[in-house]
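These are my notebook entries on a single protein chain. I looked up its helices, its buried positions and its enclosed and open spaces.

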Amino acid sequence: MNTLAPARDHAATSPADPSPSGLPTAARVAAVTVLTSLPVFLPGAANGLISAEFGWSAARMGAVLAAYWLASLAGAFVSKRAALPPAVERTLTAALGATCLGLLCAAAVPAVGLWLSSAMGGFAYGFTQPHTNALLMRRCSARLTAFAFGLKQAAVPAATLLASMAMPALAGRAGWRAVFAGTAVLCGLAAVLMARTAAPGDRSGTARRVGGPALRGDVFLLALSGAGFFGAMVGNGLGGFLVLSLTSRGASLPVAGVVATAGAATNIAVRLIAGWLIGRVPRVAWVALTGMFATGAVGTALLAQGSLALAAVGALLAYGGGWGWAGLLHYVIGLPYPGREQRATAYSQMGVSLGAASGPMACGLLFTVNQDAAWTALTAAGVAALVCALVARGRNVRARQGRPPAGVQPLTQKASTRTAPTEHPESAP
């Protein structure tokens, strides 16, 4: 029987999450993801206000946003080398505290604080993502895990929508600094609440902690990391330049905003529905992943056409497919590494972070020449992501046929027959 259920001992649900399904953990992880994403989306939403006040160019603001993703890359790299802590909630508490401090700096001394906020928030985001991936793998039931990953990654476009709505609604009355300060207060309160979920002396993660050297990048890891890199180029390039592209083709700003909002809503829906579906029909995971990359490439190709109607359809396809894969990618890359999910998904997070930084910069350079060239380049990136996913899928088939890469367990093996993470030492592939 084929299954994608992760290896775990369902009877050993962590005492930090009394729900057998792990849904409270999934909800907390999604909330942390929203808050630690805001240091990159709030400056983007306040771009016009900040640039007008300080005379910043679009390139300078783009560099501030790129700093977030480069710091996220560094955080994921450090996380790859770190052991999973006994109580992951304490790590999340520290990340929320760092995000709070960075946002306060941005509100108090913007010229320097915006850079600090991006760097601190990005590092916190990148470092905690592999930790939360491992947390979901170990505390959520097999049926819920894929949906939990979709919920966590749906928090990213949700943060985009929150920032886009909060800035025009509140900044006009109180100023953009007040929005940053208010968000910092929310992060601080969340840090306090998160700290309360990890009781003193709680070492719930100790039984599942696996030692040993860090994973070496085999073809499976590197291929999916490449898929994350190229896919994130598409998603973040789309988020940064869709409205500009539509308005330059004759759409009004409200119409372009509606299309962008509909795209973000589609993206959220796709991430949630994909997680729900794969939790019930695990064998379609690879079909869904490769199908999303292919759909995204079609969408960006339509954006390169001159028709406004085709561009609107392309935007929905690109948002839904070209950026809807995130939860599924991390879910699939962590499954063959029971007990080492954190280290495995650190690879995909590094790829995503690097792509998120390079995509908007590449689009910015190409848009100054020809916007159709930018969308064509993103189409090529989408095709490259699809190829990487197909290579990884081929490695999975090879594993199912009894020739897995060293240290990798095939994704199709029965969960009941796989060794629990606590029963074997870690060996580097």
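Entry 1, helix α10. I listed the buried positions of α10 and found A285, W286, L289, T290, M292, F293, G296, A297, G299, T300 and L303. The model I am reading is predicted, so I kept in mind that local features need pLDDT of at least 70. I then looked up the dimensions of α10, which covers residues 285-303 and has 19 residues. From first C-alpha to last, α10 reaches 27 Å, close to the 27 Å expected at 1.5 Å a residue.

Entry 2, the chain overall. I recorded the secondary structure of the protein chain as 14 helices and zero strands. For burial, I noted that 56% of the 429 residues in the chain are buried. I also looked up how contacts are spread along the sequence: of those between residues at least 6 apart, 83% join residues at least 24 apart. The accessible surface comes to about 15,900 Å². Carbon and sulfur atoms account for 69% of that surface.

Entry 3, helix α12. How many of the nine residues of α12 are buried? I found that nine of the nine are, so α12 is largely enclosed by the rest of the structure. The residues concerned are A326, G327, L328, L329, H330, Y331, V332, I333 and G334. I next asked which elements the buried residues of α12 pack against. The partners are α5, α6, α8, α9 (253-280), α10 and α13; the helix of my first entry, α10, is thus one of them.

Entry 4, position S117. I placed S117 in helix α5, which spans residues 110-139. Is S117 buried or exposed? Its relative accessibility is 2%, and because buried means under 20%, S117 counts as buried. I left aside neighbours within four places in sequence and found S117 in contact with P39, G102, L103, A106 and G122.

Entry 5, cavities. I searched the whole structure and found six cavities of 30 Å³ or more. About 130 Å³ of space lies in the largest cavity. I counted 15 residues lining the largest cavity, and the closest to its centre are Y125, Q153, W323, A326 and V352. A326 is also on my list of buried residues of α12. The elements giving two or more residues to this lining are α6 (142-174), α8 (219-248), α12 (326-334) and α13 (341-367). The largest share, three residues, comes from α13. By type, I recorded 10 nonpolar residues, four polar and one charged in the lining of the largest cavity.

Entry 6, the largest pocket. I noted a volume of about 1,400 Å³ for the largest pocket. Which of its 46 lining residues are closest to its centre? They are G44, L65, G239, G240 and F241. Two or more lining residues come from each of α1 (23-45), α2 (47-54), α3 (58-81), α6, α8, α9 and α13. I found that α8 gives the most to the lining of the largest pocket, with 10 residues. The lining of the largest pocket divides into 29 nonpolar and 17 polar residues, with no charged residue.

Entry 7, cross-reading. I compared the element lists for the two spaces. Helices α6, α8 and α13 each give two or more residues to the lining of the largest cavity, and α6, α8 and α13 are also among the elements that do so for the largest pocket.

Notes. Residues are numbered from 1 along each chain as its sequence is written. This is a predicted model: local features need pLDDT of at least 70, side-chain atom pairs count only at pLDDT 80 or more; totals for chains, interfaces and linings use all residues. Side-chain values use heavy atoms; hydrogens and water are left out. Buried means under 20% relative accessible area, exposed over 50%, partly exposed in between (1.4 Å probe, protein chains only). Contact means heavy atoms within 4.5 Å. The expected span of a helix is 1.5 Å times one less than its number of residues. On a 1 Å grid over the protein atoms alone, a cavity is a set of points where a 1.4 Å probe fits but cannot get out, and a pocket is an open set with protein on both sides within 12 Å along at least five of seven lines; lining residues have an atom within 4 Å of a point. Grid points are joined across faces, edges and corners, and a volume is the space filled by probe spheres set on the points. Ala, Val, Leu, Ile, Met, Phe, Trp, Tyr, Cys and Pro count as nonpolar, Asp, Glu, Lys and Arg as charged, and the others, Gly among them, as polar. Accessible areas come from the Shrake-Rupley method with a 1.4 Å probe; for residues, only the protein chains shown count as cover.
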